Structures are given as C-alpha cells and as structure tokens.
Amino acid sequence: FAVFGRENMAMQSRLSGAIQDDSLQVFYQPIVDAGTGAVLALETLARWPDGKGGWVSPELFIPLAEKNGLIQELSGRVLERGLGQLACWRQAGLTQPITVNISRSQLYSTSFVADMLGRLSGFGLRPHDIILEITESVALTDHARQMKHLRQLVEAGFRIAIDDFGTGYSSLSQLHEMPIQFIKIDSAFAQRLHAEDGRAVMHAIVQLAQLLKLKIVAEGIETREVAQCLQRMGVRGMQGFYYSEPVPAAVAELMLRLGVTPKSSH
C-alpha cells in the first residue's frame, strides 16, 4: 500500500505539473452519421504524453484529477484548446460543433454559465457551437439542484448530452424532465448486441429516446455488424474505433471536410 501511495503521489505531482505547463494535448473523436459517413460533431478528449513516446491512460489520470481536485483546471485547459481550435475551424468555414465533457465540480460551480459564456465570447463563438456532455450519474446527483443548472445552460443557448446513458439508473420521470437534447448510449450496450436480450435492451433505449424526441449517439462501435444492427434500429449517430480513434486536430479537420470511411471489420 505504501508503494502504491507513493506512486499515486508521484503521478499526481506529474499531472499537476503537466496541467500547469500546458503539456496535455487535446485529441478529437468524431461522432459520425452512419448513413453518410459525415462527421456530426467532434468530442474533445485530454491526452497526456508519458515522455517516452507513449500516453498515460485517461482511465488512470482522469479519475486521479477528479479525486485530487485537479479536474476543473484540467477541464479548463482542454476547453480553451478546444475552443481555440474550433474558432480556427469556423474561420475555415467548417460548421460542426465540438462536444466537451463537464465534470461534477464544474456543473456545481455557481459561476459556470457566466464562465462558459465569457470563454466562448473570447473566441468569437456562440453557445450553439458546443455540446456539453454530462455523465448520467452526475446529472442524477442532487437532482433538483442539477435541474436548475441544466435549465440555466439551456436558457443560455447550450445543448446538453447525457453521456454514458444506461449506467446511471435515471428514472423515466427524471429523464422526461431533463432539458437535454442528446443521449449517448454507453458502450457496454453496443458490446451486448450479439445476444438477444442485449438487442432487446438497446431497442428499448432507442425507442424511449425517440419518444422523448432526443437525438441518439451510440458509443463504443467497434465492428460493422454492430453498426448495421444499430442502423436497423434507427440509430444514426455513432462513435467508436470502427469509425475512428481519437485523433490530433489536423486529422480531425480532414474528417470534418471529407467524412469518415469506416474501418473494414476483421
């Protein structure tokens, strides 16, 4: 335990340093229209070079940042990079939005809406240029308080997506009340489509979203079979390695212009 604690402390210190000296990078993963290959939006994702030609896994450093109070600063850096890049893309005539992951601490901050509007204004952007992704579990914490925050964001012109949908156990009444426009179905559901009960559950989620007039993005799409199965259910928005892993801005720009050709399934 002592060794693990020391390693944890060392990584926390390195992460803090990486945030301070702005050595984190921002990659972009396309959300693709499965019917046409056109890129509907790009998700902004933090990437941390390990200094040896590789990368520290986000599954390692994002929870560490959340646990140690660094997430707000980390998210702020990613947001600034993403908005700067988006402003360049807007000047180049590209119209797709980016999606940005919002942490619990950001959403709880009383100045969050004003901060976001200020940042956007600084880059000559508008709220409609970005989609805020909030995980289902965060959206459900202190439901009444979150509803107020979500409504303020929507009133300011932001669009909201519930991320990791299906893992947070939201009740139908809560989902019905939430002022959201998109749901991103957690990748765990795409991985169960080979089984009949997995297909039934996915079908139920899709029908529910359609009834509530929500746009759907399915996450974790890794094969053509899964993409085709979801298309048959009426899902158009898809994200996953079958279409593209997260890529640097220059590659993402080509995708915005040319669309995405899915990888061939093996």
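Start with a single facing pair: Tyr28 stands opposite Thr44 in strand β2. The model is a predicted one, and this pair is a handy way into the sheet around β2. Tyr28 falls within the stretch of strand β1, which covers residues 25–33 and runs antiparallel to β2, with eight bridges joining the two. The two strands also make a hairpin, with five residues between them. Within that hairpin, Gly37 takes a positive phi near 85°.

Strand β2 itself spans residues 39–49, and nine of its eleven residues are buried, leaving the strand mostly covered. Besides β1, it pairs with β3, a strand at residues 55–56, again in the antiparallel sense but over two bridges. Here Pro49 is the residue that stands opposite Trp55 in β3. This pair of strands forms a hairpin too, with five residues between β2 and β3, and Gly51 in the turn has a positive phi of about 85°. A parallel pairing comes from β4 (residues 98–101), which meets β2 over two bridges. In that pairing, Glu43 stands opposite Thr99 in β4.

Glu43 turns up again at the largest pocket. That pocket has a volume of about 1400 Å³ and is lined by 46 residues. Lying nearest its centre are Glu43, Leu45, Pro58, Asn101 and Asp163. Sorted by class, the lining comes out as 19 nonpolar, 15 polar and twelve charged residues. The element that gives the most to this lining is helix α2, residues 58–67, with six residues.

Helix α2 is worth a closer look. Phe61, Leu64 and Ala65 are buried in this helix. These three cover an arc of only 100° around the axis, so they end up on the same side of α2. That fits the usual helix geometry: with 3.6 residues a turn, residues three or four places apart point the same way. The other side of α2 has Glu59 and Lys67, both exposed. At the N-terminal end, Ser57 acts as the cap of α2, with a side-chain oxygen 3.0 Å from the backbone nitrogen of Glu59. Just past the helix, Gly69 takes a positive phi of about 75°.

What about the next pocket down? The second largest pocket holds about 350 Å³ of space. It is lined by 20 residues, and the closest to its centre are Leu40, Phe182, Lys215, Ile216 and Val217. Strands do much of the talking here: β2, β5 (130–135), β6 (159–165), β7 (182–185) and β8 (215–218) each supply at least two residues of the lining. Strand β8 gives the most, with three residues. By class, this lining divides into eleven nonpolar, four polar and five charged residues. Strand β2 thus ties several parts of the picture together, as it pairs with β1 and supplies residues to the second largest pocket.Closed-off space is a shorter story. The structure holds one cavity of 30 Å³ or more, and about 30 Å³ of space lies in the largest cavity. Its lining is made up of Leu107, Ser109, Thr110, Phe112, Val113, His149, Gln152 and Leu153. Two helices, α5 (112–122) and α7 (143–155), are the elements that give two or more residues to this lining, and α7 gives the most, with three. The residues lining the cavity divide into four nonpolar and four polar, with no charged ones.

Finally, helix α12 (residues 249–258) shows a sided arrangement of its own. Its buried residues include Ala249, Ala252, Met255 and Leu256. Seen down the axis of α12, the buried residues fall within an arc of 115°, so they line one face of the helix. The face turned away from that buried side carries Ala250 and Leu258, which are exposed.

Terms used. Residues numbered from 1 in each chain as written. Predicted model: local features only at pLDDT ≥ 70, side-chain atom pairs only at ≥ 80, totals over all residues. Heavy atoms only, no water. Buried < 20%, exposed > 50% of the residue type's maximum accessible area, 1.4 Å probe, protein only. Helix = DSSP H or I, 4+ residues; strand = E, 2+ residues; numbered from the N terminus. Pairing = 2+ DSSP bridges. 1 Å grid on protein atoms, 1.4 Å probe; cavity = no way out; pocket = protein on both sides within 12 Å on 5 of 7 lines; lining within 4 Å. Points joined across faces, edges and corners; volume = space filled by probe spheres on them. Nonpolar A, V, L, I, M, F, W, Y, C, P; charged D, E, K, R; others polar. Arc of directions from axis to C-beta. Polar contact = N/O pair within 3.5 Å; in protein donor to acceptor, adjacent residues only side chain to side chain.
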